[in-house]
Amino acid sequence: MHSQVEKIIKDIKSLKIQGARNIAKAAVSALAIQAKNSKARSPEEFYSEMLEVGEALQSARPTEPMLRNSIQELTEFVSSNVKSMKLKDLKAELLAKEQEYQKKVDKNGKALMEYGAKLIPDGALVITHCHSSTVTGMMKRAAEFGKDFEVISCETRPRFQGRVTAKELADHGIKVTQIVDGSVNVFMKKADLVLVGADAITARGDLINKIGTSMVAHIARLHEVSFYSAAELYKYSPMSLFGNLEKIEERDPKEVWDKPPKGVRISNLAFDVTSARYVSGYITEVGVIPSQSFFSLATEKLGVKVYE
Ligand code: RUB
């Protein structure tokens with residue numbers, strides 16, 4: 001494996017590269033790096049290499065369908081053309097596809113941020129959880145529209161990605177307050193809107209996102225505050241259509257408690273599931289849609305490709 005690809009996998013695993021969108025984009029660029037530097041002597045050899053590296057990239061983060069859907073889109077292209085194309089052309093076409101993919105995802109992101117920005121009322125108090133580049137992008141866009149609003153950022157233990165959000169917003173001159181996760185109910189009473197990201201959306205429209213998201217959603221419902229998730233259609237989980245649930249990543253217990261007393265067990269689940277009924281809508285690249293429509297729209301636009 002090319003050393004740059006190894007480095008990208010390491011950075012994804014260690015959360016140096018974090019957030020579903022950034023992970024997928026980085027992984028697809030890694031596959032292109034491998035393709036560009038491939039020493040394969042036949043299309044078949046090239047295909048095996050792409051599959052192997054694609055697998056390694058996908059397993060860097062288990063709960064990330066955008067990563068899987070994106071990598072598999074490219075490896076499927078190689079698989080469909082391995083018999084009909086010359087090695088040189090196959091490589092060149094794959095590299096062109098990678099460029100196309102990056103442009104498409106950036107374009108989708110821009111559209112999504114535009115729709116999300118419009119949802120933020122002037123003078124609003126908005127709560128967010130974890131760090132979603134899509135959500136911070138929406139907030140920055142809303143600020144560009146001249147909207148005056150304030151953000152409450154949950155710290156998101158144990159890795160404190162909320163601090164990434166808080167710093168990014170403050171750097172852009174957006175009013176932001178960092179809170180501990182346990183105080184979200186206090187702030188929800190005064191909030192107008194919750195905006196969170198998404199790692200996976202199931203066939204039933206349930207949302208899988210950073211641990212604590214479902215707690216925020218339940219508290220939002222209690223206070224009748226709208227709860228939206230920013231989710232590109234690529235985040236659909238095809239295997240959920242067949243009843244297979246996303247494997248929720250369990251992280252190093254040391255992140256929670258470095259040296260716990262004897263007899264204390266640690267749970268460090270990275271994500272949780274928020275039922276579709278708590279999600280007011282998904283903000284996607286094609287607009288704001290009801291949670292139950294996400295999957296049918298995603299499969300209509302992207303096709304049902306079940307690789308898992
Ligand atoms: C990040 C997280 C984000 C989603 C969406 O978790 O849960 O809300 O990935 O992010 P982690 P984006 O820090 O463990 O990667 O909108 O950037 O795709």
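Which ring does the charged end of Arg163 sit over? I looked it up: the ring belongs to Phe160, and the charged end of Arg163 is 4.0 Å from its centre. Note to self: this is a predicted model.

**Aromatic pairs**

I went looking for rings next and got 3 aromatic pairs in the structure. I wrote down two of them, starting with Tyr101 and Tyr234. Their ring centres are 5.7 Å apart and their planes meet at 65°, so I filed this pair as edge-to-face. Planes over 60 degrees apart count as edge-to-face, so 65° makes the cut.

Where do Tyr101 and Tyr234 lie? I found Tyr101 in helix α5, residues 87-119, and Tyr234 in the loop between β7 (226-230) and β8 (271-274). They are 133 residues apart in sequence, so the pair ties together parts that are distant by that count. Both Tyr101 and Tyr234 are buried.

Then I checked Tyr236 and Phe295. Their ring centres lie 5.5 Å apart with the planes at 65°, so this pair is edge-to-face too. Tyr236 is in the loop between β7 and β8, while Phe295 belongs to helix α10 (residues 294-302). That is a link between distant parts of the chain, 59 residues apart. Tyr236 is buried, and Phe295 is as well.

**The ligand**

How many residues surround the ligand? I got 18, and the closest are Gln18, Ser132, Ser133, Thr134 and Lys210.

I noted three polar contacts to oxygen atoms of the ligand. Gly19 uses a backbone N or O atom, 2.9 Å away. Gln161 brings an N or O atom of its side chain, also at 2.9 Å. Asn209 has a polar side-chain atom 2.8 Å from a ligand oxygen. How much of the ligand does the protein cover? On its own the ligand has 460 Å² of accessible area, and the protein covers 100% of that.

**The nonpolar core**

In soluble globular proteins, nonpolar side chains tend to be buried together. So I looked up the largest nonpolar core here, and it has 31 residues. Phe46, Leu57 and Leu94 have the most contacts inside it. Which elements give two or more residues to this core? They are α1 (3-13), α2 (20-36), α3 (43-58), α4 (65-81) and α5. The largest share, 9 residues, comes from α2.

**A threonine in a strand**

I stopped at Thr128, which is in strand β1 (residues 125-129). Is Thr128 buried or exposed? Its relative accessible area is 2%, and under 20% counts as buried, so Thr128 is buried. A polar atom of the Thr128 side chain lies 2.7 Å from the backbone oxygen of Leu195.

**Odd backbone spots**

Most residues other than glycine have a negative phi, and most peptide bonds are trans. I hunted for exceptions.

- Leu15 is not a glycine, yet it has a positive phi of about 75°. I found Leu15 in the loop between α1 and α2, and it is buried, with a relative accessible area of 12%.
- Cys130 is not a glycine either, and its phi is positive, about 65°. Cys130 is in the loop between β1 and α6 (133-144), buried at 7% relative accessible area.
- Arg157 and Pro158 are joined by a cis peptide bond, with omega about 5°. Pro158 lies in the loop between β2 (150-154) and α7 (161-171).

Methods
Residues numbered from 1 in each chain as written. Predicted model: local features only at pLDDT ≥ 70, side-chain atom pairs only at ≥ 80, totals over all residues. Heavy atoms only, no water. Phe/Tyr/Trp six-rings, centres within 6.5 Å; stacked < 30°, edge-to-face > 60°. Helix = DSSP H or I, 4+ residues; strand = E, 2+ residues; numbered from the N terminus. Buried < 20%, exposed > 50% of the residue type's maximum accessible area, 1.4 Å probe, protein only. Lys NZ or Arg CZ within 6 Å of the ring centre and 35° of its normal. Near = heavy atom within 4 Å. Polar contact = N/O pair within 3.5 Å; in protein donor to acceptor, adjacent residues only side chain to side chain. Areas by Shrake-Rupley, 256 points an atom, 1.4 Å probe, with all protein chains shown as cover. Core = buried A, V, L, I, M, F, W, Y, C linked by side-chain atoms within 4.5 Å.
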